[in-house]
Amino acid sequence: MTTFVITVPGTFISDITTSERATLERKLTSRHTDISESEDVDLLTLNEDGTFAIRLEVQAADQYEAKLDATRLVSEALREAGVKEADAPLGPPAVTGIDTDL
């Protein structure tokens, strides 16, 4: 298995509350570990125009699976934070880091 850092972009259509943001970060913090911390990568970047990027680590056999898993994790975390899917459409995920034991 390979550890991938995946960036999932999106846009908040309506403002995200402090509580929703805290819940979102809490739900995803376990996916922001060694690689992200050593590279000083933020878990969540929120821009003034409502766009955002979430970076998290997933273990997968390949990039395709990693992107699917990351998108699923972000979608679930947003839902659990009380953000409706229509209020935070996601863009295509991108691989922004890879760590392998080859």
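This briefing describes the sheet, the helices, the core and a few selected residues of the structure above.

The structure is a predicted model, and the mean pLDDT of the protein chain is 89, with 90% of its residues reaching 70 or more. Its 4 strands form an open sheet in the order β2-β3-β1-β4, with antiparallel pairing, and the helices α1 and α3 are in contact with strands of that sheet. The largest nonpolar core has 23 residues, and β1, α1, β3 and α3 are elements that each supply at least two of them.

**Confidence**

- Confidence in the protein chain is highest in helix α3, at a mean of 96, whereas helix α2 (residues 34–38) has the lowest value, a mean of 62.
- Where pLDDT is low, the predicted coordinates should not be read in detail.

**The sheet**

- In the strand order β2-β3-β1-β4, the edges are taken by β2 (44–46) and β4 (94–99), and because each of these has a single partner strand, one side of each is left without a neighbour in the sheet.
- Averaged over the sheet and with direction ignored, neighbouring strands are turned by 20 degrees against each other.
- Strands β1 and β3 run antiparallel and are joined by 10 bridges, while the antiparallel pairing of β2 with β3 rests on 3 bridges.
- Across the pairing with β3, Thr 45 stands opposite Ala 53, and Leu 46 has Phe 52 as its bridge partner.
- Strands β2 and β3 also form a hairpin with 4 residues between them, and in the turn Gly 50 has a positive phi of about 95 degrees.
- Of the 10 residues of β3, 8 are buried, so this strand is largely enclosed by the rest of the structure.

**Helices against the sheet**

- Helix α1 packs on the sheet, where it touches β2 and β3, and its direction makes about 155 degrees with that of β2.
- Helix α3 lies across β1, β3 and β4, and it runs at about 125 degrees to β3.
- Within helix α3, Ser 75 counts as partly exposed because its relative accessibility is 25%, which falls between the limits of 20% for buried and 50% for exposed.
- The C-alpha atoms of Ser 75 and Pro 9 are 11 Å apart in space, although the two residues are 66 places apart in sequence.

**The nonpolar core**

- Among the 23 residues of the largest nonpolar core, those that touch the most other members are Phe 12, Leu 24, Leu 28, Ile 54, Leu 56 and Val 58.
- The elements that each give at least two residues to this core are β1, α1 (18–28), β3 (51–60) and α3 (63–80), and α3 gives the most, with 6 residues.
- Beyond its neighbours up to four places away in sequence, Ile 54 touches Ile 6, Thr 7, Val 8, Leu 24, Leu 28, Leu 43, Leu 44 and Val 74.
- In soluble globular proteins, nonpolar side chains tend to be buried together.

**Thr 7 and Thr 96**

- Thr 7 lies in strand β1 (residues 2–11) and stands opposite Arg 55 in β3.
- Thr 7 counts as buried because its relative accessibility is 13%, which is under the limit of 20%.
- Apart from residues up to four places away in sequence, Thr 7 touches Ala 53, Ile 54, Arg 55, Pro 92, Pro 93, Ala 94 and Thr 96.
- The side chains of Thr 7 and Thr 96 make a polar contact at 3.0 Å.
- Thr 96 has its place in strand β4, and at 48% relative accessibility it counts as partly exposed.
- With residues up to four places away in sequence left out, Thr 96 touches Val 5, Ile 6 and Thr 7.
- Thr 96 and Val 8 are 88 residues apart in sequence, and their C-alpha atoms are 10.0 Å apart in space.

**Thr 51**

- Thr 51 belongs to strand β3 and is partly exposed, with a relative accessible area of 25%.
- The side chain of Thr 51 makes a polar contact with the side chain of Asp 49, at 2.7 Å.
- Once its neighbours within four places in sequence are set aside, Thr 51 is in contact with Gly 10, Thr 11, Thr 45 and Leu 46.
- Thr 51 and Phe 4 are 47 residues apart along the chain, and 22 Å separates their C-alpha atoms.

Methods: Residues numbered from 1 in each chain as written. Predicted model: local features only at pLDDT ≥ 70, side-chain atom pairs only at ≥ 80, totals over all residues. Heavy atoms only, no water. Buried < 20%, exposed > 50% of the residue type's maximum accessible area, 1.4 Å probe, protein only. Polar contact = N/O pair within 3.5 Å; in protein donor to acceptor, adjacent residues only side chain to side chain. Contact = heavy atoms within 4.5 Å. Core = buried A, V, L, I, M, F, W, Y, C linked by side-chain atoms within 4.5 Å. Pairing = 2+ DSSP bridges. Axes fitted to C-alpha atoms, helices over the stretch in contact; angles between N-to-C directions. pLDDT = per-residue confidence, 0-100.
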